[in-house]
Structures are given as structure tokens and as C-alpha cells.
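Thanks, everyone, for making the time this morning. I would like to walk through one structure with you, beginning with the chain as a whole and then turning to its ligand.

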Amino acid sequence: MSSVLPLSAGSGRWNGEGMNANTHTHTPTAVSVLGLGQMGAALAAAFLAAGHPTTVWNRTPAKAEPLVDRGAAHAATVAEAVAASDLIVVCVLDYPAVRALLGPEAPALRGRTVVNLTTGSPEQARAEAEWAAGHGIGYLDGGIMTTPPGIGDSAHMILYAGDAEPLARYRPVLAVLGDPVDLGRDAGLASLYDAGLLGLMWSVFGGWLHATALTGADGVTARDFTRVADRWLRTVAWFMGGYAEQIDQGEYPGADATIDVQVAAIGHLLHAGDARGVDGRLPRLHLELMRSAVDAGHGGDSYARLIEAFRK
Ligand SMILES: NC(=O)c1ccc[n+]([C@@H]2O[C@H](COP(=O)([O-])OP(=O)(O)OC[C@H]3O[C@@H](n4cnc5c(N)ncnc54)[C@H](OP(=O)(O)O)[C@@H]3O)[C@@H](O)[C@H]2O)c1
């Protein structure tokens, strides 16, 4: 079992007043990781790989062993883990578990920073931020936008929201996990974006699986279809950029393609699917949404008009 190395400069403690001299250095920074499930273990491994003295704690202690073999210090208790570092990263199942772990340690956490990378709701995140502020604890809420194998790769985003100063202070340390994206001071925003982005992912997965089943029915392999789909998604992202401007302006000119034209086009998708015995629930849902806009007299508008169908 290794011991925690001393910080090379300053305490790094959050005092709520501004950054200290070692804020932007890349010196080793002590970090404690609470929760060593699939994700927590990947986070701890990334800190270790970057040379940050890492203390680990998990409810089931055996999960710490592979990390201790790689140089982590093992904390037998949450209190020990909190005492070891000014930066505490938490990644457990849910927010009730986070509070159960941190609640009894509130006095010891004062002046330190908690980075909560556990998935939860915006309301839970805001409540946690309020609790932390009430105890003089720096708080960042995070949304990890990748899976454990993606940790340590700056191609992937980790969303942060909450206190500005700890984020500025620890940004270089947190950057070893993935590209840190600052969503601002409302601690609920990381969870809100996370939920929305997962919804987007499931919609894309659904559309991709439907299309893969459709093309696969005529012998196209998933790999061949996906090569083309990958390029198409970039074009779709380009469409979204233009439609986002329309949504923010509240005007939906159908200058590129109208909803009427897309109602006709989705008919071909439904026909092709029915002819091949492919489940058509997803495209029918899209058709239903498009028809609601057409029925309201907006068939000549762009697809962005459908935002109104979601804002009931
Ligand atoms: N895996 C992913 O791809 C991914 C991606 C983004 C975000 N996340 C989020 O990361 C968090 C952890 O996910 P995971 O994939 O690491 O899950 P996991 O492998 O199931 O690990 C869950 C962790 O939570 C701990 N835990 C559960 N209940 C606890 C409690 N009451 N008290 C203390 N510890 C408790 C477990 O401890 P034991 O080992 O003792 O059971 C374990 O360390 C979740 O919020 C998840 O949504 C995961």
C-alpha cells in the first residue's frame, strides 16, 4: 500500500475568496475518490496515471486492491479519505448514497472541494450544492459523458456546474478524466444537460437500430450501414445548428425543407419498414409529431417548429 505524497505547493484549499498561487500549476494534487465501481475505478486509475497522489475508498473494500497495486493509498473509512485530500471526487450509485457518505463528514469537509460525478436529477444536484454551501464546502456537480473505457481521453466531455473557484483551481487535475466543460454556476445544469444528452443518445440509438434493421433486411451489414450513418450524423448536426438559431428566435421558416415534405418522406420509410416486417413504432411516433404541426397549420415551416410539440 503506498502512502499519499505531500502536495508540492500550497494547501489548495477552497476559501471562497479567490484562487491561490498554485491554482494553475500542474503539480501533483492529492485527490480522494469515493466509490470504486466501474466508473469510480476508471476515474481513480486516470488520476494515478497522471501522477496525482490518489486515495481511494469503497464500501466493498476489495475493489480498492487493483488500484492500490497501481499506487493508490487505501482509506479504510470515508473520514480517512476526506482527511487525505482537499479534492474529493465522489462517484457512487445515486445521490442518497452520496449524502449518506458525506453527511457525517460535513465538519471535516469544510474548506475542501467535493466533485460529485454521480448521476442524478437537477433537483438533487441543487440540493447537494445548497447543503455543501451551508457547510462551507466547495461543490461541483458533474456529468460524465462517456463510459469507463473513455475516461482519460480528452475527446470525451465531462460536464461541470457549480462553484467557479474550485473549478478554476482543479481544472488541470480534472482534465485528466476528460475535457472539462463548464456549464456555469447553477449546480443543476450538469444533471440537466446529462439527462437531455442521454435522451438524445437514446433517440439516435433508436433511429440507428431501426435503420440498421431496415437495411439489414436486404442484406446490408450493420458495419457497412454505420459507415454511411456516421457521415450522415455530421450533416444532421449541421442541420441542428441552423434549427437551434430558429428555436432561439422563435421563427421557423421552412426555407430548407418543410414539414409537409418530411411527412411525405417518412411515408416511404414506413412503407419500406412494413414491407420488410420491421417494427415501425419509432417512425410512427415521428409522423404523429409532424402531423400535430401540420394539423396546427404549420406544414410549411421547418422541422424546428416541432419544438412546440415538446413544450406543452
Ligand atoms: N458506467 C458508466 O458508463 C457511467 C457513465 C456515466 C455516469 N455513470 C454514473 O457513475 C455512477 C457509478 O456508476 P458505475 O457504473 O460505477 O456503477 P457500479 O459499477 O454499479 O458501482 C456503483 C458504486 O456505488 C457504490 N455504492 C452503491 N450504493 C452505495 C451506498 N449506499 N453507499 C456507498 N457506496 C455505494 C458501490 O459500492 P460497492 O462496490 O460496495 O457496491 C460502487 O462503488 C452512477 O451514478 C452512474 O450513473 C456511469
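Before I give any surface figure, I should say that accessible areas here come from the Shrake-Rupley method with a 1.4 Å probe. On that basis the chain, which please remember is a predicted model, exposes about 16,000 Å², and carbon and sulfur atoms supply 60% of that area. Of the 312 residues in the chain, 42% are buried, and the C-alpha atoms, taken along the principal axes, fill a box of roughly 65 × 45 × 35 Å. The secondary structure comes to 12 helices and eight strands. If we take the contacts with a separation of 6 or more, 64% of them are between residues 24 or more positions apart.

Let me now move to the ligand. Which residues come nearest to the ligand? There are 20 residues around it, and of these Met 39, Asn 58, Thr 60, Lys 63 and Thr 119 come nearest. By class, the shell has nine nonpolar, nine polar and two charged residues.

Two of those nearest residues can be described through their side chains: an N or O atom in the side chain of Thr 60 is 2.5 Å from an oxygen atom of the ligand, and for the side chain of Lys 63 the corresponding distance, again to a ligand oxygen atom, is 2.6 Å. From Gln 38 it is a backbone N or O atom that lies 2.9 Å from an oxygen atom of the ligand. Taken alone the ligand exposes 890 Å², of which the protein buries 74%. As for the elements that give two or more residues to this shell, they are helix H1, residues 38-49, and helix H4, residues 95-102.

Key. Residues are numbered from 1 along each chain as its sequence is written. This is a predicted model: local features need pLDDT of at least 70, side-chain atom pairs count only at pLDDT 80 or more; totals for chains, interfaces and linings use all residues. Side-chain values use heavy atoms; hydrogens and water are left out. A residue is near a molecule or strand if one of its heavy atoms lies within 4 Å of it. A polar contact is a pair of N or O atoms within 3.5 Å; within protein, one must be able to donate a hydrogen and the other to accept it, and residues adjacent in sequence count only if both atoms are side-chain atoms. Helices (H or I, at least four residues) and strands (E, at least two) are DSSP runs, numbered from the N terminus. Ala, Val, Leu, Ile, Met, Phe, Trp, Tyr, Cys and Pro count as nonpolar, Asp, Glu, Lys and Arg as charged, and the others, Gly among them, as polar. Buried means under 20% relative accessible area, exposed over 50%, partly exposed in between (1.4 Å probe, protein chains only). Contact means heavy atoms within 4.5 Å.
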